[in-house]
Amino acid sequence: MSRPRSARHLAPLSGGTPAHAGKVWLVGAGPGDPELLTLKAARALAAADVVVHDRLVPEAILDLARPDARRLYVGKRKSNHSLPQDDICALLVALAGEGQTVVRLKGGDPFVFGRGGEELIACLEAGVACEVVPGITAGLAAAAAVGAPLTHRGLAQAVTLATGHAAPEGRAPDLDWVSLARPNHTVVFYMAVSTAGTIAERLIAAGRAPGTPVAVVENASLPGQRSRLATLATLPEAVADLDGPAVLIVGEAAGVAERLAPARDSLRAAALAALAGEGPALGARRRGA
Ligand code: SAH
């Protein structure tokens with residue numbers, strides 16, 4: 001069978017792998033916008049015999065696989081894992097063992113709250129070749145979407161990616177609140193909508209100012225993207241009506257988004273008016289100013 005050039009490009013560089021050995025690619029699909037997928041991820045998809053994917057991967061990205069590639073949904077929903085993690089690991093190893101090229105496609109980046117580490121360990125320990133293709137993690141897409149830099153001179157010298165997920169449900173996540181409450185430090189919380197109120201309380205109790213800016217971004221990079229600029233004190237109201245995947249960007253640097261919001265809004269309004277033929281184009285206005 002002749003393989004497309006892209007598939008050959010993805011073949012292992014060393015000659016140590018038998019011709020028909022399968023392989024697992026742990027691929028980050030990015031935050032949702034297909035244009036935020038890496039070229040390498042697209043090539044891996046085009047080469048896949050089988051794509052094993054979860055819930056946060058949009059159809060437009062799955063469609064980059066060959067029409068005859070098998071698609072296996074092993075999706076995870078909060079508190080409702082349709083296939084336990086051990087079974088997913090075993091599935092990847094078994095498929096590769098049949099000689100298949102397997103793409104394990106995950107939202108964002110496989111190594112950021114994606115359990116990619118467990119899958120990499122399972123594959124390599126079973127003697128299955130496995131390579132990781134990084135993806136744009138939701139926190140980065142959210143920061144870009146609202147203009148909230150994660151590091152910023154004078155405002156944030158460090159960034160932490162933290163989980164807001166609490167087990168058992170309803171409790172505070174088990175985190176080092178004192179270190180997360182340090183000023184000039186951005187904390188991006190994933191899986192944190194249902195625990196946002198508790199997170200704000202814990203950070204304030206540990207010394208973070210109640211007025212610390214928080215950018216909340218839901219469905220970052222997707223058509224249904226929504227964002228809110230809040231503070232720790234107002235966070236519970238800001239997340240009250242969210243129902244999609246969202247991240248919380250907490251820290252002084254998130255305030256840049258708020259500072260820039262009026263300028264962004266007026267530029268957007270001017271561009272829309274120009275498009276509709278209702279106002280001067282931006283360039284003309286600038287020249288006339
Ligand atoms: N591996 C993924 C994270 C998986 S955990 C990554 O690197 O992005 C799932 C959490 O990711 C969600 O609860 C939410 O907090 C976040 N998330 C995923 N996609 C998102 C999106 N498009 N916009 C905002 N948050 C998102």
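**A tour from the whole chain to the ligand shell**

In this predicted model, 39% of the 289 residues of the protein chain count as buried. Begin with the protein chain in a cartoon representation, where eleven helices and twelve strands can be traced. Turn next to its contacts: of those with a separation of 6 or more, 71% are between residues 24 or more positions apart.

Next, colour residues 21–136 as domain 1 and residues 139–262 as domain 2. The largest nonpolar core comprises 75 residues, and L92 and I249 have the most contacts inside it. Helix 6 supplies the largest share of this core, with seven residues. Because domain 1 and domain 2 both contribute residues to the core, it lies between them. In soluble globular proteins, nonpolar side chains tend to be buried together.

Now centre the view on L92. Leaving aside residues up to four places away in sequence, L92 touches V24, V52, V102, R104, E119, A122 and C123.

Finally, select the ligand and the 24 residues that surround it. The closest of these are G108, G114, T137, A138 and A220. Highlight helix 6 (138–146), strand 10 (213–218) and strand 12 (246–250), the elements that each give two or more residues to the shell. Colouring the shell around the ligand by class shows 14 nonpolar, seven polar and three charged residues.

Where does the ligand lie relative to domain 1 and domain 2? Both domains give residues to the shell around the ligand, so the ligand lies between them.

Terms used. Residues numbered from 1 in each chain as written. Predicted model: local features only at pLDDT ≥ 70, side-chain atom pairs only at ≥ 80, totals over all residues. Near = placed C-beta within 6 Å. Helix = DSSP H or I, 4+ residues; strand = E, 2+ residues; numbered from the N terminus. Nonpolar A, V, L, I, M, F, W, Y, C, P; charged D, E, K, R; others polar. Domains from an automatic or database assignment. Core = buried A, V, L, I, M, F, W, Y, C linked by C-beta atoms within 7 Å. Buried ≥ 20, exposed ≤ 12 C-beta atoms within 10 Å, placed from the backbone. Contact = placed C-beta atoms within 7 Å.
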